[in-house]
Amino acid sequence: MQTTKHREARLPWYTIYPTVAEFSGAVGADAYEEWLRNLPANDPASLYLHVPFCRSKCWYCGFPTTITRHDAPIVNYLAALRDEIRLVSEHAPQALPVSDVHFGGGTPTLMGPVEFLALTEFLRRHFALAETATIAVEIDPRRFTADMAEALQAAGVNRASLGVQSFDPIVQNAINRVQSEAQTAAAVEMLRRHGVTSINFDLIFGLPHQTVQSCVETTRAAVAMRPNRLAVFGYSHIPSFIKNQRLIEEASLPGSAARAEQDAAIAVTLIAAGYREIGLDHFALPDDDLALAQKTGRLRRNSLGYSADTCKTLIGFGASAIGRVGEGYVQNEVTRDSYCRHIAAGRLATSKGYRLTDEDRARAAIIERLMCDLEADVPAICAAHGSDPIHFLDSAERLAMLAKDGIVDIEKGFVRVRRQHRFAMRVVAAAFDAFLDRVAR
């Protein structure tokens with residue numbers, strides 16, 4: 001009963017802290033311009049480019065995307081994206097060094113090969129991309145072509161993330177995403193043949209008509225293609241907020257106990273195949289960057305999820321993109337039309353953000369270590385941030401309950417999540433979320 005309660009808790013995913021719910025219009029384009037000007041000229045940054053287009057809508061999807069059968073809206077959006085890149089580079093120190101680039105979506109590879117090459121070349125003219133930079137792109141295997149594989153190779157892409165979700169045809173029909181194993185394997189083969197050697201798969205459990213058996217069969221099929229890492233997410237059904245989820249029949253969704261069994265079965269299958277557990281929901285081969293970062297205590301968590309990227313600065317481009325610079329977080333206008341209007345007017349599209357306090361930074365560090373390592377040395381982290389650990393531990397009222405439930409062990413301020421309760425690490429992290437505590441009181 002207790003474990004079900006903690007497993008099903010509705011909490012933030014803590015990719016960032018404070019969460020987007022705390023962002024406000026008090027931080028806008030003027031603040032972001034100032035923060036960009038103050039960036040250290042020699043500190044490497046990461047870049048995220050959001051391309052919010054798909055050819056069809058997956059009914060489970062909670063991301064804001066535009067469904068288009070035509071290329072014109074994508075081409076027009078890319079023009080705005082280039083203008084934003086230019087605007088940001090003009091405010092930031094010249095030739096800001098970049099170690100990581102991530103193209104997310106939507107489906108970034110819906111842009112044509114020529115457009116993709118032009119966009120990456122434009123980035124290189126405005127930022128100093130390191131020769132060893134990681135350049136990653138999200139791909140829909142159903143619409144991936146040999147010409148695009150060649151373009152990715154020419155652009156220096158070396159990492160790709162492929163949406164799989166489930167190979168069960170019954171599940172695929174129920175979520176409007178029909179994608180065969182053969183399509184996925186063909187995309188993987190093309191990528192590897194063109195130098196994209198790091199492959200990530202996304203899997204989902206808790207989908208309509210999904211069973212433990214179908215989850216295991218999907219996982220085994222995925223493992224046969226030997227991706228370097230896998231992200232395993234639980235489907236979150238909130239049709240009151242995500243309209244396309246209303247097309248999913250609620251009666252076909254597995255219950256809490258079945259979801260837990262599916263999650264556990266996937267994990268057992270992946271571990272048996274040689275993958276290591278990474279944080280809350282990732283698995284990686286022992287020689288993958290994530291596994292190596294976890295082993296050496298360098299694993300990070302940012303707005304893109306788990307990462308070996310240690311950059312303090314993440315610059316987001318495109319509608320709804322989130323960025324982080326030293327002073328805090330910023331987010332662009334969420335809708336594509338509003339984003340494009342701001343950029344066309346020659347101004348940054350920042351709609352809201354958050355200015356970090358010293359206490360925020362300490363809490364964020366504690367939460368990040370819990371989410372990455374399942375443990376946090378609260379006194380040591382507080383000492384590094386000039387804070388009093390007693391204040392943090394005393395304000396984390398949920399910790400005592402979690403210790404009583406056997407979820408965590410606490411000794412002299414060192415908090416450790418028991419490995420068998422890895423699924424509850426968000427609940428433990430939430431104990432240090434001052435905004436949740438404020439609401440609770």
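**Reading a helix pair and a small sheet**

Guide: Helices H8 and H9 are roughly parallel to each other, a term for angles under 35 degrees (over 145 is roughly antiparallel, 65 to 115 roughly perpendicular, the rest oblique). This is a predicted model, in which local features need pLDDT of at least 70 and side-chain atom pairs count only at pLDDT 80 or more, while totals for chains, interfaces and linings use all residues. Residues are numbered from 1 along each chain as its sequence is written, and side-chain values use heavy atoms, without hydrogens and water.

Visitor: Within what distance do the axes of H8 and H9 come, and at what angle do they cross?

Guide: Two packed helices are described by the angle and the distance between their axes. The axes of H8 (residues 212-224) and H9 (residues 256-272) come within 9 Å and cross at roughly 30°; axes are lines fitted to C-alpha atoms, for helices over the stretch in contact, with angles from 0 to 180 degrees between N-to-C directions. Helices (H or I, at least four residues) and strands (E, at least two) are DSSP runs, numbered from the N terminus.

Visitor: In what order do the three strands stand in the open sheet?

Guide: Strands of a sheet pair through backbone hydrogen bonds, either parallel or antiparallel. Here the order is S17-S19-S18, with antiparallel pairing (at least two DSSP bridges between two strands). S17 (375-377) and S18 (408-411) are the edge strands, each with a single partner, so one side of each lacks a neighbour in the sheet. Neighbouring strands of this sheet are turned by 10° against each other on average, direction ignored. S17 pairs with S19 (residues 414-417) over three bridges, and alanine 376 stands opposite valine 415 in S19.
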